[in-house]
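Please look at the structure below with its pockets in mind, and then follow the explanation from the pocket linings to a single residue.

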Amino acid sequence: MSHDLVIANGTVATASDEFDADIGIRDGRIVQIGGDMGNATRVIDATGRYVLPGGIDSHVHISQPSGPGIVMADDFDSATRAAAFGGNTTVMPFCLQERGQSLTAAFRDYREKAEGAHVDFGFHMIITDPTPQILGQELPALIEEGQRSVKVFMTYEAMRMDDAGILATMDVARRHGARIMVHCENEDVIAFLAARAEDTGDIAPRAHATTRPVAAEREATHRALTLAEVVDIPIVIVHVSNGAAIDEIARARARGVNITAETCPQYLVLEAEDLSRDNWEGAKFVCSPPPRDTVEQQNCWRGLETGLFDLFSSDHCPFRYEDEQGKRNPAGLRSFRHIPNGIPGIETRLPILFSEGVMKGRIDLPRFVALTSTNHARTYDMYPRKGTIAVGSDADITIWDPHVRKTIQHAGLHDAADYSPYEGFEVTGWPETVILRGVPVVEAGQMTTSGIGAEVPRTAR
Ligand code: URP
Ligand code: ZN
Ligand code: ZN
Ligand code: ZN
């Protein structure tokens with residue numbers, strides 16, 4: 001049999017294995033692993049390279065409305081371009097239902113916005129307004145058609161849900177077979193501390209971190225886990241930042257709660273101290289939960305090493321720093337409270353974990369693959385079409401150069417923000433060639449396709 005593409009001489013890694021083999025690809029799928037490859041239209045030599053399942057970033061915000069006058073830096077064009085250059089072949093953005101809005105209409109809009117994406121994609125629904133219409137009709141219909149993940153927020157005044165709303169949403173999600181994702185921070189604690197900080201003139205970006213303490217995340221994590229336990233639904237605790245929240249997750253798991261736990265690069269390599277940088281520079285590190293300290297960084301590393309965490313996502317949520325719609329706008333200068341929450345990171349997620357995790361001996365290569373690809377596909381109903389290198393799977397492959405050394409500089413990245421919170425960070429290892437369903441989309445530093453991304457069916461193959 002002849003192949004459209006053969007990837008030769010590389011070291012293949014999956015979530016469970018690492019071995020030398022050639023990969024044969026035909027019609028967008030992997031059709032052969034190892035053995036005599038016969039004829040091929042094209043051969044890519046991967047000598048000295050790792051051949052990995054394409055990265056899946058299951059927590060990104062793209063073109064998401066973020067409040068009056070605030071525009072997210074990335075649309076699907078720029079975000080998915082940056083994703084591809086960062087070694088990703090699938091991303092999962094959120095479809096936000098704003099209060100008073102139809103979820104069905106919001107989802108139609110997002111699907112339209114995603115046309116022309118450069119990598120494959122699937123959506124999570126964000127519910128902010130659990131009305132009878134939404135919970136009784138719109139959400140069940142969307143879940144039945146395959147949108148099987150729903151995020152709710154315990155914080156942000158415009159998005160938060162009270163416990164009654166969360167229970168009702170969880171109940172609908174459980175009955176129709178969706179997973180619930182929860183942003184765990186106690187809004188009343190934060191509002192209280194933020195008002196007190198502003199009253200005392202403590203308005204600089206650093207106050208964003210001090211008014212969102214570990215205690216607010218720990219309590220909310222415990223409460224979300226309790227609600228999921230009561231309803232009996234699988235729960236994803238997103239963007240976990242600290243050891244106390246990790247302990248809550250471990251305890252609930254021991255009670256039998258079905259938990260998927262996620263952490264992000266910002267909790268490994270950024271600190272609350274970064275928010276203290278001069279001249280409002282600290283605004284570049286404002287995200288929620290905030291980066292903590294070196295002790296909590298170690299706690300998060302331990303969670304990655306021990307298997308407590310299943311998912312490593314970017315929580316890419318890009319806002320511009322310089323212009324009038326950015327983090328430093330006149331309203332922003334009034335107080336930390338007006339800085340939009342979120343930082344860019346879609347292109348730097350894999351290099352940071354590879355360099356700090358694999359190269360420094362904290363995690364092995366299969367665990368890297370599990371954390372950045374396979375577990376995302378499993379959690380969100382895309383496996384084994386996505387997230388692995390196996391016969392029959394989509395040929396989504398990242399050829400990884402483990403030797404190249406790079407200093408992260410925003411000028412070399414492809415998102416539409418105007419800075420990187422990781423500016424100056426040195427990494428070893430970077431994606432070299434990125435292949436989506438058998439087609440190279442990034443090669444020799446160039447994007448070689450345009451808009452071939454498609455929505456991923458949320459069922460097994
Ligand atoms: O600060 C953050 N993380 N912004 C993105 C929205 C969210 O809560 O995930
Ligand atoms: Zn969140
Ligand atoms: Zn997020
Ligand atoms: Zn950019």
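In sorting lining residues by character, Ala, Val, Leu, Ile, Met, Phe, Trp, Tyr, Cys and Pro count as nonpolar, Asp, Glu, Lys and Arg count as charged, and the others, Gly among them, count as polar. The model shown is a predicted one, and with that classification the lining of its largest pocket divides into 19 nonpolar, 14 polar and 8 charged residues.

The largest pocket holds about 1,000 Å³ of space. Its lining is made up of 41 residues, of which Ser66, Tyr156, Glu157, Pro340 and Asn341 are the closest to the centre of the pocket. Strand 12, which spans 149–153, and helix 5, which spans 187–199, each contribute at least two residues to this lining, and helix 5 gives the most, with 4 residues.

The second largest pocket contains about 280 Å³ of space, and among the 17 residues that line the second largest pocket, those closest to its centre are Phe85, Lys406, Gly412, Trp430 and Pro431. Two or more lining residues come from each of strand 17 (397–407) and strand 18 (426–436), while the lining of the second largest pocket as a whole divides into 8 nonpolar, 5 polar and 4 charged residues.

Away from the subject of pockets, consider Asn375, which is placed in helix 13, residues 365–379. Is Asn375 buried or exposed? Its relative accessible area is 16%, and because buried means under 20%, Asn375 counts as buried. When neighbours within four places in sequence are left aside, Asn375 is in contact with Asp310, Leu311 and Ala370.

Note on methods. Residues are numbered from 1 along each chain as its sequence is written. Chains are lettered from A and ligands numbered from 1 in the order in which they are written. This is a predicted model: local features need pLDDT of at least 70, side-chain atom pairs count only at pLDDT 80 or more; totals for chains, interfaces and linings use all residues. Side-chain values use heavy atoms; hydrogens and water are left out. On a 1 Å grid over the protein atoms alone, a cavity is a set of points where a 1.4 Å probe fits but cannot get out, and a pocket is an open set with protein on both sides within 12 Å along at least five of seven lines; lining residues have an atom within 4 Å of a point. Grid points are joined across faces, edges and corners, and a volume is the space filled by probe spheres set on the points. Buried means under 20% relative accessible area, exposed over 50%, partly exposed in between (1.4 Å probe, protein chains only). Contact means heavy atoms within 4.5 Å.
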